Amino acid sequence: MSAEPDALAVVNQLRDLAADPMNRRAIVQDQGCLPGLILFLDHPNPQVVYSALLAIRYLAECRANREKLKGELGMMLSLQNVVQKVGGVCVRRPC
């Protein structure tokens, strides 16, 4: 059994929890969840990275979480790496 399905299952579970606005503050306050999501941003499986990005987006929808997200160790570097890997792909609007 490879590690990828396990990673995907874990990040999908975090994403599903983060989709519920009632869970967002607790996830960010937990000592392991946010650092774990950040680690998933560097995963070789694009599905894992996508699910982690979606979870982080959900967490950022809670205004109280934004400062914690901005200050989380490794967050900005990992996001920059994702942007570099994606290259010229436009996500939100037409190029």
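Before we start: contact means heavy atoms within 4.5 Å. This is a predicted model, where local features need pLDDT of at least 70 and side-chain atom pairs count only at pLDDT 80 or more, while totals for chains, interfaces and linings use all residues. Residues are numbered from 1 along each chain as its sequence is written, and side-chain values use heavy atoms, with hydrogens and water left out.

**Exercise 1: the overall picture**

Work out which elements the chain has and what share of its contacts links residues 24 or more positions apart.

Step 1. Go through the elements: helices (H or I, at least four residues) and strands (E, at least two) are DSSP runs, numbered from the N terminus. You get 6 helices and 0 strands, so reading from the N terminus gives α-α-α-α-α-α.

Step 2. Take the contacts with a separation of 6 or more; residues 24 or more positions apart make up 65% of them.

Step 3. Add burial, with buried meaning under 20% relative accessible area, exposed over 50%, and partly exposed in between (1.4 Å probe, protein chains only). Of the chain's 95 residues, 35% count as buried.

**Exercise 2: the core**

Find the largest nonpolar core and say which helix gives the most to it.

Step 1. Set the rule: a nonpolar core is a set of buried Ala, Val, Leu, Ile, Met, Phe, Trp, Tyr and Cys residues joined through side-chain atoms within 4.5 Å.

Step 2. Apply it. The largest core comes out at 23 residues, and V11, L34, L37, F40 and L59 have the most contacts inside it.

Step 3. Sort by element: α1 (3–19), α2 (24–29), α3 (33–40), α4 (46–60) and α6 (75–86) each give two or more residues. The top giver is α4, with 8 residues.

Step 4. Zoom in on V11. Not counting residues up to four places away in sequence, V11 touches L37, F40, V48, S51 and A52.

**Exercise 3: α3 against α4**

Describe how α3 and α4 pack, and which residues meet.

Step 1. Two packed helices are described by the angle between their axes and the distance between the axes. Axes here are lines fitted to C-alpha atoms, for helices over the stretch in contact, and angles run from 0 to 180 degrees between N-to-C directions.

Step 2. For α3 and α4 the angle is about 140 degrees, with the axes 8 Å apart.

Step 3. Angles under 35 degrees count as roughly parallel, over 145 as roughly antiparallel, 65 to 115 as roughly perpendicular and the rest as oblique. The pair α3 and α4 is therefore oblique.

Step 4. List the partners: L34, L37 and F40 in α3 meet V48, V49, A52, A55, I56 and L59 in α4.

**Exercise 4: V49, E72 and N45**

Place V49, E72 and N45, and decide for each whether it is buried or exposed.

Step 1. V49 sits in helix α4 and is buried, with a relative accessible area of 12%. Leaving aside neighbours within four places in sequence, V49 contacts F40, L41, H43 and V82. V49 and V82 are 33 residues apart in sequence, yet 8.2 Å apart in space, C-alpha to C-alpha.

Step 2. E72 belongs to the loop between α5 (66–71) and α6. E72 is buried at 15% relative accessible area, and beyond its neighbours within four places in sequence, E72 is in contact with L34, P35 and I38.

Step 3. N45 is in the loop between α3 and α4 and is buried too, with a relative accessible area of 9%.
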